[in-house]
Amino acid sequence: MATPSQITPEALADGTTSSLLLNTFRAVRLPLLGALAGGVVGACTGGGLGWSWLMAPAALVVWCAAVQRSASLTARHGLPTLTLLAGVLCWSCAAMGWADAAIAPETEAASLWSAVALTLVALHHAACCLPVWWLGRRLDRAGRATPLVFALALAAAEGLRQWGWAGHGYGSLALAFVDAPGAAALLSLVGPNGLVAAVLLACCSPWLTTPRRWWLAASGPLVLALVLLLTTALPDAGGAPIDARPLEVVALQSNFDKRANWGRPQRDEALAALQQALQAAPPGALVVTAETVLAEAAPRHVIGVWEDLLAMLGQHGVRLMVGLPLVLVLDTDDGPQLTNAVLHLGSGTRGVYAKERLVPVGENLPLADWLGPLQVALFGTQPHQQVPGGEAYTEPLLDDGVPVGVAICHELSLTLTVAHRAARAGWLLSPAEDMWVPHAAYRTQMRAIARLRAMETGLPVVRVANAGDTLLALPSGQVQAASGGSGPHVFKVWPALQASFYSRHAEWLSALSMAWLLAGFMWAMKATRTAEPRKRP
């Protein structure tokens, strides 16, 4: 590669620099192609790009071709790994470019901290992808199964980056296919991980070079096309309605600035909006609010305003699911702990759902004593440690005889978490807080995530947000959005009698999708070895 000291007038005269620049371009053209293809994939997973279900596979085919070509040029692992890594990093940056919006604009060196936030997001994606890639490359020393190693690495990253403390499901490849024909029926059968595995196999199969297995190159695209055609003839993914009468759900959309200090005026304004929604709700309706619409915990004893709320519920014959912080006594030695929760209130009804998967850094900050001042400087919030709710606090809430699965804000991005909530529910509720990420790309992606969860679970999803989109996502993939502005919006929700096949067997199906790709890799390795000519003694 040319360095500035090598570019001299003499070198330019004899063409040495031109040769060096040409060689430099040849060395980086494949990683640049991988970065471009990965960026297109990431843009497609944002949920706002038209025809993304066609553009994402095309970009994956190009990306896989660049990885395969780089592997054929050298026996070393550096160039193929760089081509893969460049695409993964650009995928994360394009899909989660809104992640830096949570940093307060008045922060000193805000641009630098924004770059740090995006870098950490991209490195997390790469860390979930590279172990499987390196292991596959070591097993496939000849490089003839590199496309399948590529597919395995990306599929493993889709599952692994939803695990653990830093887990999330934003920018998932399945989001690019919410508008694909037949996607609702296919997602309800195999889930997003199964769809991703099928897409990756279809995109890598044209570049397989296994000897005497030419038909394998065509099998992936043909199988995927056949499945999509068959699923278009299947009925909607949702189960049969419990009865012919829909539930009336009144979603209270709010627009409170949670960055401002929460005082008595903000509290009174939130309570007044809640009381107005209860008075306007039709008898027998369920009123639902956004996450932490009241930024204070309910008192231990029903007094004052809470006593008035309960009396209003009885007078109007309505029920309430309100998002607020809650003090829980868990089975730990730390005593009472604070967590975000949904409190279910009604005539003779009491229920609590506590958030299980917390937002990394935002709600669960490691080394809070040391990093607390940094959180105040970057996000403008006081550091506070929340605890995840235990299994006893994550059961469906029974409302009017219908079990309601709850997934608070960040939890909606996690497919296995939502599948567990949906397995025994008739519909899903997702109270959300969008004020912390004031970015249009984030709201567009959350809309796509709500559609994806409705399609894969076969249940209607009501998402009610503060300073964001309030909507009803149907199992068919259609969306009924609330009109702009704050205030109550009435949705008619038809609960399903049973969740989808994927929701009831999500863990097994997710494991089988990886096993499918792994079996293809091992078979390709075996076919390659048997086809190699034997050396004569």
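This note walks through a predicted model, point by point.

1. **Overall make-up.** The protein has 537 residues, and buried ones make up 50% of them. DSSP runs give 15 helices and twelve strands. Contacts reach well along the chain. Of those with a separation of 6 or more, 73% join residues 24 or more positions apart.

2. **Strand β8 as an anchor point.** Start with β8, residues 427-433. Seven of its seven residues are buried, so the strand is largely enclosed by the rest of the structure. In a regular strand the side chains alternate between the two faces of the sheet. Here W427, L429, P431 and E433 point one way. L428, S430 and A432 point the other way. Both sets are buried, and they include the charged residue E433 alongside nonpolar ones such as L428.

3. **The β7 side.** Strand β7 covers residues 402-406 and runs parallel to β8. Three bridges join the two strands. V406 has L429 of β8 as its bridge partner. Between these strands the chain passes through helix α12, residues 415-422, in a right-handed β-α-β crossover.

4. **The β9 side.** Strand β9, residues 461-466, also pairs with β8 in the parallel sense, over six bridges. S430 stands opposite R463 of β9. Helix α13, residues 440-457, completes a right-handed β-α-β unit with β8 and β9.

5. **Annotated transmembrane regions.** An unreviewed UniProt entry places the feature "transmembrane region" at residues 79-99, 111-133, 145-163, 183-202 and 214-234. Two of these spans can be set against the model. Residues 111-133 are 100% helix and 0% strand, with end C-alpha atoms 32 Å apart. Residues 145-163 are 79% helix and 0% strand, and their end C-alpha atoms lie 28 Å apart.

6. **The largest nonpolar core.** Which residues touch the most other members of the largest nonpolar core? They are L60, W63, L84, L154 and W427, out of 100 residues. Helix α7, residues 183-204, gives the largest share of this core, with twelve residues. W427 also belongs to strand β8, where its side chain points the same way as L429.

7. **Around W63.** Neighbours within four places in sequence are left aside here. W63 is then in contact with G34, A37, G38, T83, L84, G87, V88, W91, F150 and L154. Apart from the largest core lies another, of 23 residues. Its members include L252, F256, M312 and L345.

8. **A buried asparagine in α7.** Is N193 buried or exposed? N193 counts as buried, because its relative accessibility is 16% and the cut-off for buried is under 20%. This residue is found in helix α7. Leaving aside neighbours within four places in sequence, N193 is in contact with T415, S510 and S513. T415 lies in helix α12 (residues 415-422), the helix of the crossover from β7 to β8.

9. **Cysteines.** A disulfide is a covalent bond between the sulfur atoms of two cysteines. The count for this model comes to zero disulfides. Two cysteines can be placed by their burial. C44 is buried, with a relative accessible area of 1%. C409 is buried as well, at 8%.

Notes. Residues numbered from 1 in each chain as written. Predicted model: local features only at pLDDT ≥ 70, side-chain atom pairs only at ≥ 80, totals over all residues. Heavy atoms only, no water. Buried < 20%, exposed > 50% of the residue type's maximum accessible area, 1.4 Å probe, protein only. Helix = DSSP H or I, 4+ residues; strand = E, 2+ residues; numbered from the N terminus. Pairing = 2+ DSSP bridges. Right-handed = clockwise from strand over helix to strand, strands pointing away. UniProt positions renumbered as here; feature names shortened; annotations may be inferred. Disulfide = S-S within 2.5 Å. Core = buried A, V, L, I, M, F, W, Y, C linked by side-chain atoms within 4.5 Å. Contact = heavy atoms within 4.5 Å.
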